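Student: Please take a close look at one part of this model and work outwards from there. I would like one connected account, with the reasoning spelled out where there is some.

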Amino acid sequence: MIRALARKKYLHKQLELLAANQRAVEEFLMRYTEATADEILERLPKPIRPYCFSPPDRKDRWGEASYRQSDYMPEKKIHTTSKGLKVRSKSEVLIAEKLYEHNIEFRYEQILQIEQMEFAPDFTIMADDGRLIYWEHCGLTGSKKYMDRHKRKLEIYERADIAPWTNLIITYDDQYGNINMNVVESEIKCKIKGGAF
């Protein structure tokens, strides 16, 4: 009986300690910020952000630096750009090629955390002035399920101040799966290069 009571007391104290540790870990996680390039850039004045990385002819540019990329269904990344990037659709290949053509730094499906959820915009772009611009391309416009999911994602993006009128580009395939490259070119020239946002 004494042994059982002692064991019970021991387990009770162990639970108290574990609960205190859990609270400490939760508090740490709420305050912890990973020192990623993006996080550091966000804390710097916008005018100096473009100068934080090497000139374009160097290999350690922002777009080529390591980042957390989506690992969702890698077997669906079956299309390859001229620079060897694996993407999910022919339309994404065409967009990537246009970004290359305009020497625009980008990351493909970089993880973006919003409201304890993870998203992977098709392209995360760093404009010349240091702004981050997100680009979503919708390919399955004929699928109600796909478009409903797209609409919900845009609502969450907007709550995180990611919106078409500030820092989000959205393009669509038509009902036959075709992309209008005039629209892509216009979005790049007006919103990324021209700073129309």
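Tutor: Start with Phe28, which belongs to helix α1, a helix covering residues 2–31. Keep in mind throughout that this is a predicted model. Phe28 has a relative accessible area of 48%, so it counts as partly exposed. Together with Val25, Leu29 and Tyr32, Phe28 makes a nonpolar surface patch of about 430 Å².

Now go from the surface to the interior. The largest nonpolar core has 20 residues, and the ones with the most contacts inside it are Leu99, Phe106, Phe123, Ile125, Trp135 and Ile192. Two or more residues each come from α3 (90–101), β3 (105–108), β6 (123–126), β7 (132–138) and α5 (181–193). Helix α3 gives the largest share, 5 residues.

Take Phe106 as an example from this core. Apart from neighbours within four places in sequence, Phe106 touches Trp62, Gly63, Leu85, Ala96, Leu99, Tyr100, Phe123, Thr124 and Ile125. A second core, separate from the one just described, has 15 residues, among them Leu41, Ile156, Tyr157 and Ile162.

Several residues of the larger core also appear when the aromatic rings are considered. Phe106, Phe123 and Trp135 join Tyr100 and Tyr108 in one aromatic cluster. The model has 5 aromatic pairs. One of them is Phe123 with Trp135, an edge-to-face pair with centres 6.5 Å apart and 70° between the planes. Phe123 is in strand β6 and Trp135 in strand β7, so this pair ties together parts 12 residues apart in sequence. Both rings belong to buried residues, Phe123 and Trp135.

Charged side chains make links as well; there are 12 salt bridges in the structure. In one of these, Arg159 pairs with Glu115, and their closest N and O atoms are 2.8 Å apart. Arg159 is in helix α4 (residues 144–159), while Glu115 is in the loop between β4 (112–114) and β5 (117–119), so the bridge ties together parts 44 residues apart in sequence. Arg159 is exposed because its relative accessibility is 53%. Glu115 has a value of 39%, so it is partly exposed.

Helix α4 also holds Lys153, whose partner Glu136 is in strand β7, 17 residues away, so to speak a link between distant parts of the chain. In this salt bridge the closest N and O atoms are 3.3 Å apart. Lys153 is partly exposed because its relative accessibility is 23%. Glu136, at 3%, is buried, because buried means under 20%.

A further salt bridge joins the side chains of Lys144 and Asp148, at 2.9 Å from N to O. These two residues are 4 apart within helix α4, so about one helical turn separates Lys144 from Asp148. Lys144 is exposed because its relative accessibility is 62%. Asp148 is partly exposed because its value is 30%. Elsewhere, salt bridges with shared partners connect Lys98, Glu101, Glu185 and Lys189 into one network.

Methods: Residues are numbered from 1 along each chain as its sequence is written. This is a predicted model: local features need pLDDT of at least 70, side-chain atom pairs count only at pLDDT 80 or more; totals for chains, interfaces and linings use all residues. Side-chain values use heavy atoms; hydrogens and water are left out. Patches are made of residues with over 30% relative accessible area and no salt bridge: like charges are joined within 9 Å, nonpolar side chains (Val, Leu, Ile, Met, Phe, Trp, Tyr) within 5 Å. Accessible areas come from the Shrake-Rupley method with a 1.4 Å probe; for residues, only the protein chains shown count as cover. A salt bridge is a side-chain nitrogen of Lys or Arg within 4 Å of a carboxyl oxygen of Asp or Glu. Buried means under 20% relative accessible area, exposed over 50%, partly exposed in between (1.4 Å probe, protein chains only). A nonpolar core is a set of buried Ala, Val, Leu, Ile, Met, Phe, Trp, Tyr and Cys residues joined through side-chain atoms within 4.5 Å. Contact means heavy atoms within 4.5 Å. Rings of Phe, Tyr and Trp (its six-membered ring) pair if their centres lie within 6.5 Å; planes under 30 degrees apart count as stacked, over 60 as edge-to-face and the rest as tilted.
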